[in-house]
Each structure stands twice: as structure tokens, then as C-alpha cells.
Amino acid sequence: MPRRLTARISTALAVLVLVLVGWQWWASLLPSSYTAMEMGYVDFGGGERFDHAGPGEAADHWHGDIAHTAAHSRTTAGAGSGDPVDVADIVGETTGRPDVSVGLTATEQTTTLADGTSYDGYALNGSTPGPTIQAVVGDLVEVRFRNDDVTDGATLHWHGVDVPNAADGVAGVTQDAVAAGEEHTYRFVVDEPGSYWYHSHQVSHEQVEKGLFGGLVVHPTRRDLRDASRGGDDLLALVHTYDGERTINGVADTLPVAADAGERVRVRLVNTNNTPMTFWVPGARWRLLATDGHDVYRPTPLEDVVVPVGAGGRADVEVVVPSGGARIQLGETSILLGDGDPPLEDQPEASLDLTSYGAPSAEDELLREAAEADSFDRDFTYDIGRRPGFLDGRPGIWWSVNGHLYPDVPMFMVQEGDLVRMTISNHSGEDHPIHLHGHRVSVLSKDGEPITGSSWQVDSLNVEHGESYEVAFVADNPGVWMVHCHNLPHAKDGMVAHLMYEGVTTSFAMGDDPGNHPE
Ligand code: C2O
Ligand code: CU
């Protein structure tokens, strides 16, 4: 081949590569306004197909005319059975006088933590963590949220509580971020007892870390609530790292709690950080009572194991306080129950296997039957990897969902009443705590082995590198729901997808123009 021709061919190839890379760069740019309805592509999980509001699979790229999407969605979503419902209208049964009524005001300020250190960040009603909300099953909770001066705006999301979609608190999906000086009221009925928490879902990777969160406990009966508020045997323990210092309820090192010898204490540990934690209780009788607000059936006493709690997750532990006191140890941080000063012990190697803890019960029957008969209405895959590409124009090696980079991620499409299975696997090199909004999922199997212990229900499931879980849930809460990584910087870097119901649309948008940045 003549040299000139070779040179021309290589120039042409170089130009082609540049054009391709340039196109990828351009295609990755996020519009100044975009909605969850048109992110990526529709995934029906092998089940019945139906019309969807966004361009979905029909469009080869979502970089279209974004401006009229909301209007467009309104007219085309749904199964031809009338107009689609907007998330803002999915409010549930929330009329009447609230049983619990709370005002929460967000501020940017220097706060004195419970242990006396001062912290520069955000606060709710002047403190971080914010006030704990206590309720009883069946209560209508009303929270009047005011953002005083958080510049980016803020919201409140009720982590683990299956609220009606309108109350979910996700900026750009279920509401607009509440701007400084504005207010927003949340109303929802709490119908499952357990330990939960709330946090901002606007710029959440920054706002949660800097203090915009608090606890929410739903007691089975009014009497439990009364006992708990008298103090003593029922304690919420929010674990949070401020400026690199791990604290429990704002106290570094040791949180002392008064308790009598022989008393049975329930401690509700909440992991509000981005990475997993473990705890154990040396030198005392203890059991794990609940995971993510769901009771373990027949929990047995534990010894020489640590209990893992993924980011966003909760673990309720019961400790029978011995006469010399006991410590719930989280590494070097601990809760000291009762009198005495037992020394910190070295952490055991073994980790509690939640797939075989407790005893099988009649729970999850529907889902277990579906698993045995392999008869789910939908079967989704949430496969977490990592690959090179552009994220909003930034080159890097980014988290991928089913091989796709944000925003080209799956829209998991369901119909109300579907029995849904999702297989979550991870080969990305890091842990990912996967959190589904609005639904409680039951773990069916881990690495191909069905669970043999108590029903294990979660809303935040830590999936380690190399692991694979099958989880299942009933699609019983219509809306547009996030399913994302609760290592919030990962979510910000694109580990976000949505579960979407037939006939539901959102008129809210994300992006710089509306000022909604949920992660
Ligand atoms: Cu705890 Cu999407 O959040
Ligand atoms: Cu992650």
C-alpha cells in the first residue's frame, strides 16, 4: 500500500475514534431538566408489557426534546385505562386529625453535639441528629417541614417506611426540593412497627453526612410507646460519623445508658453512614430482634459473632444487662449499659449469617410459593459492575447497572399486584447497600442458597463484591420509586434506577433548571 494511502487511512480512523468518543461524551451530558420517566430504557422483567409515559425503548436515545416531557407523560402514560396519575396525587388516606404532629426546621449552622463538640453543618430544630419521631402502628403522622436557610433546598425522606408515593420526599421525583424560606407538609400512616429513620433526599450525599437526618420509631402499641418514652429499656441509637469521628446519638467513644442489672434492653441501631458497620455484645446475653424494622422469628442467643449492618440499615438488639454492666461494641465506639466499666474486647472474626438465623415462620408464604413454582410476574436483574465511560461529560470508571451507565439505566416496570423477583449481584469491587423505596423486600436466597432461618425482610441490603441475592416483593404501593445505592456518593455517581408502576407518572424533574438533585 502506498504510504500516502496508509497515512490517510490512519487519519480517517483517528477522526472516527474521536467522533465516536465525542459522541459518547455528548450523549452522556445531562440535560438541564429531565424526568425519571425517560431515564434509560424500560424493563418489563419478562412480564406483561404496557404503555409507558416516557420515550422508553422506542427512542434510541433520550437526548430529545426534554422540555415538554411532563406534558407528554400526562397524555400517554397508563394502560389506556384513563389518564395517568401523577405522583403528587398519590397521597393515601391522610385526611383527618394527625395522631403525631411534628414541626421540623432545617438550618445551616454550628451545632453542639450531645458530647459537647461543635459541628459545622446542618441541623433540624437546632440539633443533629434531629428529633426522634415516636409513633404507634396505625398513627397518622404529620410533619411540617420548613427549610430556613439550606441554600440547595432540602426534603425529608422516610427511610424504610412504605409511605404513599407523594410523601416519599425525593427531590425531582416525588416533589420539588423545599427552597430556603419555604415549607412542605408530609402526611402518612405508619402501619408497620419498627425502627426507621428520616433524612434529606436533596443533594443527599452532602446533606445526610452533614446532619440532616433523625430517627423514627413505630411502636406496636400505645403502651410500648409510653414505656419507651419513660426511658430505660427501649433506646434508639443513631450511628453517624461527623468530621471523621464516629458517634452514637452525637456522642463519641462511649454512650452511657442507665439500666438495672437483669433488665432486658432493646437498642435500635441505625447505620446512617455510607459504609457497613458491625456490632456485638461481649459478656452478656443478647439476641438480634429485628432487621430493618422487621422482627426476626425466634431469635436465638448470640455469642462470639458480630452482626453486620449495611448503610441505611437497622438492627434491633436485645441485651440482658449483667450486674457489672455491658457494652454494645461498634469497634472502639460503644454503648455502655448499666453500672460498671467492662473493658472493650477484641472483635470476633465470625459474622452472623442472617440467611440461617431464627426459625422459619408462615411469613412470606406468597413469595416463597412463587419461588418454588418459579411463577413470578416479573423477574428483574440488578447487576452492579463498573466500566469506563462518561458520566455527565466526565470521563472515568463508573458504576454500571446491567452494563449501563446513568442515566441510561433500567426503568423496572410493574403493575399493581405483581409478584416481583429481583436478582441483585455485584462484581464491581466494592460493597453496595441497595435500597428500594416504598417496599419491603424479602430475601429469598444468597449465592444460590435459599434462606433457612427466619423470614429476612429488608429495605437496605448490603451486597458485597462477588455476592448475589434473590429478593422478592409484592408490588402493592403504586408510584415512581428509587432503587439505589445507599452509599450516597455512589448514588451521586449514578447508582440509581427506578421502579415504576403502570399508569403513574411524575411531573417533577431533576437537573439544574428545576434545582432538584436527589442524590
Ligand atoms: Cu435513605 Cu433513597 O434513601
Ligand atoms: Cu454503591
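**Surface patch, internal spaces and salt bridges**

In this predicted model, a nonpolar patch on the surface is formed by L5, I9, L13, L16 and L20, which together contribute about 450 Å² of accessible area. One member of the patch, L16, is placed in helix α1, a segment that covers residues 3–28. The relative accessible area of L16 is 48%. L16 is therefore classed as partly exposed, since the exposed class begins over 50%.

Open and enclosed spaces were examined next. The largest pocket has a volume of about 560 Å³. Its lining comprises 27 residues, and those closest to the centre of the pocket are D162, D191, E192, R440 and D476. Two elements, α5 (365–373) and β32 (468–474), each give two or more residues to this lining. The largest share is that of α5, with 3 residues. By class, the pocket lining divides into 10 nonpolar, 9 polar and 8 charged residues.

In addition to the pocket, the model contains 4 cavities of 30 Å³ or more. The largest cavity holds about 90 Å³ of space. It is lined by 13 residues, and I424, I434, L436, V441 and V471 are the ones nearest its centre. Strands β26 (419–426), β27 (432–436), β31 (460–463) and β32 each provide two or more residues to the lining of the largest cavity. Among these contributions, the largest share, 3 residues, belongs to β27. The lining of the largest cavity consists of 10 nonpolar, 2 polar and 1 charged residues. Strand β32 thus appears in both descriptions: it gives two or more residues to the lining of the largest pocket and two or more to that of the largest cavity.

Charged side chains were then considered as pairs. Across the whole structure, 22 salt bridges were found. One of them joins E142 and R144, whose closest N and O atoms are 3.4 Å apart. The two partners fall into separate accessibility classes. E142 has a relative accessibility of 13% and so counts as buried, the limit for that class being under 20%. R144, at 37% relative accessibility, counts as partly exposed.

A second salt bridge is formed between the side chains of D234 and R268, with an N to O distance of 2.8 Å. D234 belongs to strand β11 (residues 234–242) and R268 to strand β15 (residues 264–271), so this pair ties together parts of the chain that are 34 residues apart in sequence. Both D234 and R268 are buried. These two residues also take part in a network of salt bridges that links D234, R266, R268, D295 and D316.

A further salt bridge connects D459 with R314, and the closest N and O atoms of this pair are 2.7 Å apart. The partners come from distant parts of the chain and are separated by 145 residues. D459 is located in the loop between β30 (457–458) and β31, whereas R314 lies in strand β20 (residues 314–320). As with the preceding pair, both residues are buried: D459 and R314, like D234 and R268. Strand β31, which borders the loop holding D459, is also among the elements that give two or more residues to the lining of the largest cavity.

Key
Residues numbered from 1 in each chain as written. Chains lettered and ligands numbered in written order. Predicted model: local features only at pLDDT ≥ 70, side-chain atom pairs only at ≥ 80, totals over all residues. Heavy atoms only, no water. 1 Å grid on protein atoms, 1.4 Å probe; cavity = no way out; pocket = protein on both sides within 12 Å on 5 of 7 lines; lining within 4 Å. Points joined across faces, edges and corners; volume = space filled by probe spheres on them. Helix = DSSP H or I, 4+ residues; strand = E, 2+ residues; numbered from the N terminus. Nonpolar A, V, L, I, M, F, W, Y, C, P; charged D, E, K, R; others polar. Patch = residues over 30% accessible without salt bridge, like charges linked within 9 Å, V, L, I, M, F, W, Y side chains within 5 Å. Areas by Shrake-Rupley, 256 points an atom, 1.4 Å probe, with all protein chains shown as cover. Salt bridge = Lys/Arg side-chain N within 4 Å of Asp/Glu carboxyl O. Buried < 20%, exposed > 50% of the residue type's maximum accessible area, 1.4 Å probe, protein only.
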